[in-house]
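Open the model in your viewer and switch to cartoon view. We will go from strand to strand, selecting as we go.

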Amino acid sequence: MSVLITNIGELLTQDADATVLRNAAVVFEGERISWIGASAQAPAADESHDAGGRAGLPGWVDSHTHLVFAGDRTAEFEARMAGESYAAGGIAVTVEATRAAGDYDLTRLLLARVAEAAAGGTTYLETKTGYGLDVEQEARSARIAAGVVDEVTFLGAHLVPRGEDADRYTDVVCGPMLDAVLPYVRWADVFCEAGAFTAEQSRRVLSACAAAGLGLRVHGNQLGQGDGVALAVEFGAASVDHVNHLSDADVEALAGTWAGEQSVPGTVATCLPACDLSTRQPFPPARRLLDAGVQLAIASNCNPGTSYTSSMGFCVATAVLQMGLTVHEAVRAATYGGALALRRHTGDDADGRRAVGSLAVGHRADLQLLNAPSATHLAYRPGMPLVHAVWRAGNRVR
């Protein structure tokens with residue numbers, strides 16, 4: 001069935017040229033975009049929807065979340081707001097609650113969180129394991145996630161469990177745990193940070209996961225300057241996430257992955273502004289990274305300890321108001337940038353692996369309409385419920 005959305009006041013395509021169309025229309029055929037252009041020239045379709053002059057843009061691509069969990073960390077949040085500093089060890093509280101929850105409850109909770117994200121305009125979603133931290137529990141988390149979300153990342157190297165020897169646990173992550181999750185995951189990640197995994201332990205994890213055929217991501221440079229960015233560049237990781245504390249060498253290294261002719265994209269710097277508000281960390285130097293030629297993504301980092309929100313609109317507003325990005329730069333980072341970080345930025349009718357994060361013929365039909373005449377209202381009216389309608393793979397989900 002074909003669907004025509006017409007009378008779109010402003011359409012941010014996020015295509016290769018970041019084209020902005022006025023009084024535009026889009027046609028879906030099944031899960032694909034089949035036509036984009038001026039409303040006055042739109043072809044007929046089986047069903048039509050009048051956008052009423054509202055702004056349209058791709059659905060958000062949230063490339064960094066931790067949604068498979070049970071339990072609550074309100075007490076930790078209150079303590080942090082009272083002045084305590086964030087440390088990686090709070091993850092252990094969620095591990096205990098998640099291990100105690102049954103499959104049904106974990107799946108129910110995950111489905112509810114994905115539905116919340118979709119209602120806020122998110123149409124493509126990554127999530128990680130990392131709250132099981134033993135072979136059986138990590139495999140369970142990966143299996144549950146694979147049945148619900150678009151992309152699953154193995155994060156057995158999230159934290160060393162209480163009472164475990166760090167090097168011995170790293171051996172487990174690189175061996176039986178990796179083997180157990182492989183049927184369910186496409187990516188691997190490591191929390192390379194003080195209180196989590198050292199550079200050498202992180203290198204072992206990344207080496208083992210790369211050898212197993214997984215794409216790589218890194219949690220890095222969140223709590224201070226460290227080795228996360230250097231490792232991500234060394235291993236050709238698709239993204240390094242957090243990037244709050246960067247040296248000149250880190251920025252240069254990331255920029256170098258984008259320099260010259262490239263057969264594959266460089267390493268995306270993924271910013272997590274909602275997390276930075278909650279942990280009271282300095283924001284990443286997004287303006288500096290962009291000006292250096294580094295591609296940015298913005299993601300929610302939805303998790304129970306440091307960023308319990310899936311509102312990408314809130315993250316975009318924060319990036320504009322606090323990080324020095326323009327609205328169009330922030331929207332691009334939260335759509336095309338997220339797709340780039342997940343290597344889902346290309347694909348069309350020729351290969352059937354449809355691109356997300358941008359609007360072009362042959363790409364997946366992921367679109368959101370705002371109750372506003374332009375995307376500028378995302379930052380102009382921060383926190384307001386601006387999402388009017390959402391289509392995911394051609395199906396209306398809001």
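**A tour of the strands**

Begin with strand 6 and strand 7, residues 122-128. The two run parallel and are joined by three bridges. Keep in mind that this is a predicted model. Now show Asp62: across from it, in strand 7, stands Leu125.

Next, select strands 6 to 13. These eight strands form an open sheet. Read across it, and the order is 6-7-8-9-10-11-12-13, with parallel pairing. Which strands stand at the edges? They are strand 6 (60-62) and strand 13 (296-298). Each has a single partner strand, so one side of each is left without a neighbour in the sheet. Rotate the view to follow the twist: on average, neighbouring strands of this sheet are turned by 25° against each other, direction ignored.

Add helix 6, residues 199-211. Helix 6 packs on the sheet. What does it touch there? Its contacts are strand 8 (151-157), strand 9 (187-192) and strand 10 (215-220). Compare directions too: helix 6 makes about 180° with strand 9.

Now move to strand 14 (residues 367-370) and strand 15 (residues 387-392). Four bridges pair them, in the antiparallel sense. Select Leu369 and find Ala389 opposite, in strand 15.

Last stop: strand 16, residues 395-396. Two bridges join strand 16 to strand 15, and the two run antiparallel. Pick Trp391; its bridge partner in strand 16 is Arg396. Strand 15 and strand 16 form a hairpin with two residues between the strands. Finish on Ala393 in this hairpin, which takes a positive phi near 50°.

Notes
Residues numbered from 1 in each chain as written. Predicted model: local features only at pLDDT ≥ 70, side-chain atom pairs only at ≥ 80, totals over all residues. Heavy atoms only, no water. Pairing = 2+ DSSP bridges. Axes fitted to C-alpha atoms, helices over the stretch in contact; angles between N-to-C directions. Contact = heavy atoms within 4.5 Å.
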